[in-house]
Amino acid sequence: MTIKGKAYIAGIYEHPTRHAPDKSTAQLHAEVAKGALEDAGLTSKDVDGYFCAGDAPGGLWPMVDYLGLKPRHVDSTETGGCSYIIHLGHAAEAIAAGKCSIALVTLAGKPRTGPMPPRAAGAEADFEAAYGATTHNAYGMCAMRHMHDYGTTSEQLAWIKVAASHHAQYNPHAMLKDVVTVEDVLNSPMISDPLHRMDCCVVTDGGGALIVTTPEIAKSLKKPLVRLIGHGEAMKGPRGGKDLDLTYSAGVWSGPRAFEEAGVRPSDIKYASIYDSFTITVLMQLEDIGFCEKGKGGKFVADGNLISGVGKLPFNTDGGGLCSNHPVNRGGMTKIIEAVRQLRGEAHPKVQVKNCDLAIAHGTGGLLGVRHAASTAILERV
Amino acid sequence: MTEAKKYPTPQGNPETQPFWDAAKQGKFMIKRCTACGEPHYFPRSICPFCFSDKTVWEESSGEGEIYTFSLMRKSATGPYAIGYVKLKEGPALQTNFVDCDMDKLKIGQKVKVVWKPTDGAPLPFFTPV
Ligand SMILES: [Zn+2]
């Protein structure tokens, strides 16, 4: 059994807003759903599968009702920022099994307008809550150990932000459009050692949506054909504190699973969307999913290797979470959307990868240094 | 600033209450599985490695070394150093490094447990030896 080639991404939509104090969160979900359906050439009546995560107000019951949907398949898998990459795989499974034929996946929220509600406590709460793990320091702890074990430097991490900024200058919707240098990153204030402010992604309101469908329906629509050919998901945590190693992520499992299913190798990939909550996130993921050897990520990302038209692996050509958009502090959705744009040939001409027929969208969710999930999707233009 | 910090009171539950009762005596407890021999932290009744329910409480030396850390430069309660300690007994655990010059922390540094009060049982933190 495989989902290879059994589901196509027929509709995508990224909300252009980065600050939406005058809209409700449910409204943003509806706007991105409408956008993705219009992109596909479908209507809400066509939707028979619905996927949402922890950002959807109240979860499935109120969202399905609010949007007026009549799904025969639903999934509210919640794994933070990579939820939507997991949803893509689960939608493909459901489509392959005949459980639905047109799946809608939505993400939206307003963390820039106001604080997000806290996550419900897990079994670890009494033993960890007092120590103040945040995104910044949880990723900082990974970076600190990666530097210790492999000699990774702040300069190398900075190159990831530099590459993102080179792409963001062409995105009219990007929150940060200025091209920055390695020195700019190193001179930005230290937030949580060894991560500087410019090692961190932006906080934005907004959202995005996908339409995932059958090969037959996709071929009846007008958009260039983009299909899912490999998918993986995995989770990692301290697991009782045995053999703790923060220098790798669950991507070491999700990546190979996706490549094996797709029957391709990292060296075949023309474009990579890699969730960039922080620069260290990108560096570790590139190692973990196999673009370079473990510990060599610093060397791999340096000197513009991730810049479209300059380096070997163009990444996050929309400017990514580091510069463009990070709706609801969850980067998975926009990773899929930019990968589809690249495969359709709809990326900005300045960053469009030539003959882009194979792309990856990969992300993590949760706290990389504490508990997290990872998911990998390999997409192909037909 | 660390002195002024108010830490949350552990809520406890039937599974973990012995840890907090021992904490009040200044004892830092871990769990060990008598089926597979592996220690773990935080404490569970069922071993996360072999799923045996033959887990027993064991007092830890409270000594270990810094696996990693990060200095949070600004927060509502001031700067703090979060990190992981690898205990002598094996398990690694999340903590804060306190009562020290945070700028001098190093991976591999020897640390030991210290207790900080809450409105209930005290909480374990670590400080350089
Ligand atoms: Zn065991």
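## A tour of chains A and B

In this predicted model, begin by selecting strand β1 of chain B, residues 29–33, which pairs with β3(B) in the antiparallel sense over five bridges. Within this region, pick out K31(B), and you will find W57(B) of β3(B) standing opposite. Now widen the selection to take in the open sheet of three strands, whose order in chain B is β2-β1-β3 and whose pairing is antiparallel. Its edge strands are β2 (39–40) and β3 (55–59) of chain B, each of which pairs on one side only.

Stay in chain B and move to the loop between β2 and β3, where F42(B) is found. Select F42(B) together with Y41(B), since the peptide bond from Y41(B) to F42(B) is cis, with omega near -5°.

Turn next to chain A, which is divided into domain 1 (7–114 + 205–227) and domain 2 (133–203 + 232–381). If you colour these two domains separately, you can look for their centres, which, taken over C-alpha atoms, are separated by 23 Å. Where the domains meet, 42 residues of domain 1 of chain A are in contact with 40 residues of domain 2 of chain A.

Then select helix α1 (residues 25–40) and helix α2 (residues 60–67) of chain A, which pack at an angle of about 60° with their axes 11 Å apart. An angle that is neither under 35 degrees, nor over 145, nor from 65 to 115 counts as oblique, and α1(A) and α2(A) are therefore oblique to each other. Their crossing is right-handed. To see the contact itself, show the side chains of A26(A), Q27(A), H29(A) and A30(A) in α1(A), which meet M63(A), Y66(A) and L67(A) in α2(A). By class, this contact of α1(A) with α2(A) has five nonpolar residues, two polar ones and no charged ones.

The remaining stops are in loops of chain A. Go to the loop between β5 (190–192) and β6 (195–196) of chain A, where P194(A) lies, and inspect the bond joining D193(A) and P194(A), which is a cis peptide bond with omega of about 0°.

Continue to the loop between β8 (226–236) and α9 (251–262) of chain A, and select R239(A) there. The phi of R239(A) is near 50°, a positive value in a residue other than glycine. Finish in the loop between α12 (320–324) and α13 (332–344) of chain A, where N329(A) is found; the phi of N329(A) is near 60°, again a positive value in a residue other than glycine.

How values were computed: Residues are numbered from 1 along each chain as its sequence is written. Chains are lettered from A and ligands numbered from 1 in the order in which they are written. This is a predicted model: local features need pLDDT of at least 70, side-chain atom pairs count only at pLDDT 80 or more; totals for chains, interfaces and linings use all residues. Side-chain values use heavy atoms; hydrogens and water are left out. Axes are lines fitted to C-alpha atoms, for helices over the stretch in contact, and angles run from 0 to 180 degrees between N-to-C directions. Helices (H or I, at least four residues) and strands (E, at least two) are DSSP runs, numbered from the N terminus. A crossing is left-handed if the near helix is turned anticlockwise from the far one by less than a right angle, and right-handed if clockwise. Contact means heavy atoms within 4.5 Å. Ala, Val, Leu, Ile, Met, Phe, Trp, Tyr, Cys and Pro count as nonpolar, Asp, Glu, Lys and Arg as charged, and the others, Gly among them, as polar. Two strands pair if DSSP finds at least two bridges between them. Domain bounds come from an automatic or database domain assignment.
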